[in-house]
Amino acid sequence: MVVNLAGAKAIAERTLGAAAMADDMIYLEYGRTGIGAGIISGGKLMHGATHAAGELGHTHMIEEGPACKCGSFCCLQAIAGAAAIQTRIRKAIADGGGSELLALAGGDPPNVSGWMILSAAKVGDKACAAIVEQASKSFGVRPSQSGESLQSFGSRSGSAPFSLQGKVC
Ligand SMILES: [Zn+2]
């Protein structure tokens, strides 16, 4: 049986990490290549009938939106994934936006990181604020409440322990 990265990390978190042998848990992976989940129920990694359990990044979020690398449109990771955010930041900078962000990055766009985008949004960078707002809405959270809301997601899913791993840039 082949297990994807999020599934393998869910098993590791349950075995050696924060989930402490929980019977039910969800591990969320927010990585450079996509957004995924490892779902453990009854102590076992869920695969699903089509082996797509946990493919959270390809959940359709809106009616009309960007193309996804999977060939579909409007997937979560096409809207709120690291690559999508980086693309929007590059466009915003090319269009003359992101002045606060560029200041944080020392004027060098390749130095932009995820925390810089969040920091710039907090101090009023409109391009960064719009990007953070859209990504947050896609996850169903407000930026300042993301941890709390993700815990609620886990609780609604019947999973008490919850683990989140990843970074934007
Ligand atoms: Zn997709």
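Visitor: What joins β1 to β2?

Guide: A hairpin of four residues makes that join, and I should say at once that the model we are looking at is a predicted one. The two strands run antiparallel and are held together by six bridges, one of which pairs Ile-26 with Ile-39 in β2.

Visitor: What makes β1 and β2 count as paired strands?

Guide: Pairing asks for at least two bridges between the strands, and β1 and β2 are joined by six, so the condition is met.

Visitor: Why is Gly-31, in the loop between these strands, called partly exposed?

Guide: Gly-31 sits in the loop between β1 (25-30) and β2 (35-41), and 18 other C-beta atoms lie within 10 Å of its own. A residue needs 20 or more such neighbours to be buried and 12 or fewer to be exposed, so Gly-31, with 18, falls in between and is partly exposed. Gly-31 is also 9.7 Å from Ala-6, C-alpha to C-alpha, although 25 residues separate the two in sequence.

Visitor: What makes β1 a mostly covered strand?

Guide: Six of the six residues of β1 are buried, and the burial concerns both of its faces. On one side stand Met-25, Tyr-27 and Glu-29, and on the other Ile-26, Leu-28 and Tyr-30. As a general rule, side chains in a regular strand alternate between the two faces of the sheet.

Visitor: How do you know that helix α1 has the length expected of it?

Guide: The helix covers residues 5-16, and its 12 residues, at 1.5 Å each, should span 16 Å. The C-alpha atoms at its ends are 16 Å apart, so the expected and the computed value agree.

Visitor: Why are the buried residues of α1 said to lie on the same side?

Guide: The buried residues of this helix are Ala-6, Gly-7, Lys-9, Ala-10, Glu-13 and Arg-14. They cover an arc of only 165 degrees around the axis, and therefore they lie on the same side of α1. The face turned away from that buried side carries Thr-15 and Leu-16, which are exposed.

Visitor: Why are Ala-20 and Met-21 called exposed?

Guide: Ala-20 lies in the loop between α1 and β1 and has 11 other C-beta atoms within 10 Å, while Met-21, in the loop between α1 and β1 too, has 10 such neighbours. The limit for an exposed residue is 12 or fewer, so both counts qualify as exposed.

Visitor: What is notable about the phi angles of Ala-20 and Met-21?

Guide: Most residues other than glycine have a negative phi. Ala-20, however, has a positive phi of about 50 degrees, and the phi of Met-21 is positive as well, near 60 degrees.

Visitor: How do you know that α3 has one buried face?

Guide: In α3, the residues Ala-82, Ala-84, Ile-85, Arg-88 and Ile-89 are buried. Seen down the axis, these buried residues fall within an arc of 160 degrees, so they line one face of the helix. They pack against α2, α5 and α6. The span of α3 agrees with expectation too, since 13 residues should cover 18 Å and the end C-alpha atoms are 18 Å apart.

Visitor: Which residues of α5 are buried, and what covers them?

Guide: Met-116, Ile-117, Ala-120 and Ala-121 are the buried residues of α5. They cover an arc of only 135 degrees around the axis, which puts them on the same side of α5. What covers them includes α3, α4 and α6. If we leave aside neighbours within four places in sequence, the contacts of Ala-120 include Leu-101, Leu-104 and Cys-128.

Visitor: Which residues touch the most other members of the largest nonpolar core?

Guide: That core has 37 residues, and among those that touch the most other members are Tyr-27, Ala-37, Ile-117 and Ala-120. The elements that give two or more residues to this core include α1, β1, β2, α3 and α5, and α6 gives the most, with six residues. The core draws at least three residues from each of domain 1 (5-58 + 145-166) and domain 2 (76-139). In soluble globular proteins, nonpolar side chains tend to be buried together.

How values were computed. Residues numbered from 1 in each chain as written. Predicted model: local features only at pLDDT ≥ 70, side-chain atom pairs only at ≥ 80, totals over all residues. Expected span 1.5 Å × (residues − 1). Arc of directions from axis to C-beta. Core = buried A, V, L, I, M, F, W, Y, C linked by C-beta atoms within 7 Å. Domains from an automatic or database assignment. Contact = placed C-beta atoms within 7 Å.
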